[in-house]
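Thanks, everyone, for making the time this morning. I would like to walk you through one model, taking the sheet, then two helices, and then the cysteines.

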Amino acid sequence: MTAPGARDRNTLGDATSPYLRQHADNPVHWHQWGPEALAWARERDVPILLSIGYAACHWCHVMAHESFEDDATAAVMNEHFVCIKVDREERPDLDAVYMNATVAMTGQGGWPMTCFLTHDGSPFYCGTYYPKEPRGGMPSFTQLLHAVTDTWRGRRGDVDDAAASVVKELRRSSGALPVGGAPIDVPLLSGAVASVLREEDRDRGGFGGAPKFPPSMLLEGLLRSYERTSAEPTLRTVERTAEAMARGGIYDQLGGGFARYSVDAEWVVPHFEKMLYDNALLVRFYAHLARRTGSPLAHRVAEETVDFLLRDLRTASGAFASALDADTDGEEGLTYAWTPQQIVDVVGDGDGPWAAEMFAVTDAGTFERGTSVLQLPVDPAPADADRLADVRSRLLAARTRRPQPGRDDKVVTAWNGLAITALAEAGAALGRGDWVEAAEECAHMVLSTHLVDGRLRRASLGGLVGEPVGILEDHGALATGLLALHQATGTVEWLDAATGLLDAAIEHFADPDEPGSWFDTADDAETLVTRPRDPLDGATPSGASVTTEALLTASCLVDADRSAKYADAAADSLDRAAVALQRAPRSAGHWLAVAEAFVRGPMQIAVSENAPSELSRQARVLAPGGAVVVAGRADSTPLLADRPQIDGAPAAYVCRGFVCDRPVTEVDGLRELLREL
């Protein structure tokens, strides 16, 4: 039996994670991850039950309601285990280690993740969701708990052998990508793009089958490829997927913003959680698509998604919360689904049937209990555009009076970095200075709160910064955002802050024995059973790829000495990424975008001007993705050094790598020069 004491209680009430706080009232004696919890398991000689999830996760809530809130189940957990809860968004290092173990043992992963560990944190049995009662060949959660307990007590040697075997495999699989493959050049990129295009679902948009996740980074990479090659098949692929997502139920047709994924292959029914990182990445892509093609749909989606970010995810501090929950009052989709009669009740008999038809809401329904998720298969006739806008406004107002999903107010450094990048680049490209100002406010908050004693932290809640230190993606994503802000505003403060983060990344995350390879955790971070290193892109850019993007961009913006340092580090990283672009380009979407910028030069446009001009505005519109654009007075920043105006008029200096062309003073001249390049 468990000895009485202060450790026999739930300790999540003082956590900085909203997800952990959701479990503070469970009868389970949850602990936060730390040496004290591991020591307590050793002292009691019981295994560790590690449960990893996140606040917006539907099945995490289901397992919590079924098992963690049940007194009888909690009693078994408390008696036979030390139970630890982890927010995967706050501790992505732990999530990466134990997700790799789960996939290795079961062939698949997901959340909630349920792992059983030895006293040193070595996993010996892993899975995901377990039901309260046996179902579909799965044991009940309590059956699993008793089986693990019996094995721990009766076959301890088997447990230790299994744990040692899993740790050995984790360490083997966390090695660096090889070097010496194909160079990062046009043939490699052409092969990667061709491979991706072959996997397109031409009928429904996207790649592969259900479930479908928004391939935001891959679309950005393909768009940059089109900008370099003018290959129409590439653009058609980008546009098909962009339109399918924007017209489907995965996009919130009333409030803007995208859900995390579609459960079907047609983008109709979403998994309703809305994540900051998805929407930041998609703002960036749709704004770039609107800039390049003039698509009204892409422009509208970019604007509405920014509206969603600023309205629903922005915190009082000016930074952005992590997510909106998948559930409302324990029911998925309650806030978002409609019947035809519900629409008529809001907009009246005159507009109701028309609105239901426009939004593909039927009596049969597309979701549960005869309800439908709103879609917009086609735009209305021009004469009905105002009518649709009025209907949308009234439906949104009515929806706000429904119960609303919870919000995870945790401010994650990396995801806010993605939001800063999106707002700064989209604001510059589409002429929205207010978006750039929002990006600046966010950057001020993150730097002032998350940079503690010179080191970056992972997350904060209500202005209180958490203990976990920042990982590689935090440094790379925030640095990329600050560099985008520097370009949009000309403020050197952002450039200095970004290079400070990059210097810290090189010092603490670069593998000294494998140039171009990066660890996801710092050299002085907590020692886990293996040091995570995953170079492939997932739902967000990998730490390695987003840091490489920042290094490549910074190399164009700093003085010559630092430029060489950053450029060499970026080139070494891309050298290792070549194998991913060759063998798994769909898992290297952000690498593709960075490689396109690298092969292009990267391109730099410096506009020397005494005040904002049409030349600099158009430079930001005409520049291809990944290009560096800076405008301001001569010598105000390294890229503008010795680059004066021409005869008192603003002048644009265009370079590729270290080769520069003649300066131009007219927009038509700049357009023609960029077309030639």
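Before the pairing itself, one term: two strands are taken to pair when DSSP finds at least two bridges between them. Please also keep in mind throughout that what you have in front of you is a predicted model.

With that cut-off in hand, let me begin at strand E18, residues 603-608, which is joined to strand E20, residues 651-656, by six bridges, the two strands running antiparallel. One of the positions to look at is Ala606, whose bridge partner in E20 is Tyr653. E18 also pairs with strand E19, residues 628-632, and here the sense is parallel, with five bridges. Within that parallel pair, Ile605 has Val629 as its bridge partner in E19, and Val607 stands opposite Ala631. For those who prefer the general picture, strands of a sheet pair through backbone hydrogen bonds, either parallel or antiparallel.

How do E18 and E19 belong together along the chain? Together with helix H22, residues 614-622, they make a β-α-β unit, and that unit is right-handed.

If we now widen the view, the open sheet consists of four strands in the order E19-E18-E20-E21, with mixed pairing. E19 and strand E21, residues 659-660, are at the edges and have a single partner strand each, so one side of each is left without a neighbour in the sheet.

Which residues of E18 point one way and which the other? Met603, Ile605 and Val607 point to one side, while Gln604, Ala606 and Ser608 point to the opposite one, and all of them are buried. Put as a count, six of the six residues of E18 are buried, and the strand is accordingly described as mostly covered.

Let me turn to the helices, starting with H14, residues 385-400. Its 16 residues, at 1.5 Å a residue, should span 22 Å, and the end C-alpha atoms are 23 Å apart, which agrees. The buried residues of H14 are Leu388, Val391, Arg392, Leu395, Leu396, Ala398 and Arg399. These residues cover an arc of only 160° around the axis, which puts them on the same side of H14. On the other side of this helix, Asp386 and Thr400 are exposed. As for what the buried residues meet, they pack against helix H12, 296-313, and helix H13, 340-358.

A general remark helps in reading such a pattern: an α-helix has 3.6 residues a turn, so residues three or four places apart point the same way.

Helix H2, residues 35-44, can be described in a similar fashion, its buried residues being Ala37, Leu38, Trp40, Ala41 and Arg44. They cover an arc of only 155° around the axis, which puts them on the same side of H2, whereas Pro35, Glu36 and Glu43 are exposed on the other side. The cover over the buried residues of H2 includes strand E1 (30-32), strand E2 (48-53), helix H4 (71-80) and strand E3 (82-87). Just after H2, Asp45 takes a positive phi, of about 55°.

Finally, the cysteines, where the cut-off matters: a pair of cysteine sulfur atoms counts as a disulfide within 2.5 Å, and by this rule there are two disulfides. One joins Cys57 to Cys60, with an S to S distance of 2.4 Å. The torsion about that S-S bond is about 80°, so the disulfide of Cys57 and Cys60 is right-handed. Both ends of this link are covered, Cys57 counting as buried at 3% relative accessibility and Cys60 counting as buried at 2%.

The other disulfide is formed by Cys655 and Cys660, whose sulfur atoms are 2.0 Å apart; with 100° about the S-S bond, this link is right-handed. Here Cys655 is buried at 0% relative accessibility, but Cys660, at 45%, counts as partly exposed. In sequence order, the bonded cysteines pair as 1-2, 3-4.

Which cysteine sulfur is closest to that of Cys83, and why is there no bond? The closest one is in Cys115, but at 13 Å it is too far for a bond. Cys83 is buried, with a relative accessible area of 1%. Cys126 is likewise in no disulfide, the nearest cysteine sulfur, that of Cys115, being 3.4 Å away, and Cys126 is buried, with a relative accessible area of 3%.

Definitions and conventions: Residues numbered from 1 in each chain as written. Predicted model: local features only at pLDDT ≥ 70, side-chain atom pairs only at ≥ 80, totals over all residues. Heavy atoms only, no water. Buried < 20%, exposed > 50% of the residue type's maximum accessible area, 1.4 Å probe, protein only. Right-handed = clockwise from strand over helix to strand, strands pointing away. Expected span 1.5 Å × (residues − 1). Arc of directions from axis to C-beta. Contact = heavy atoms within 4.5 Å.
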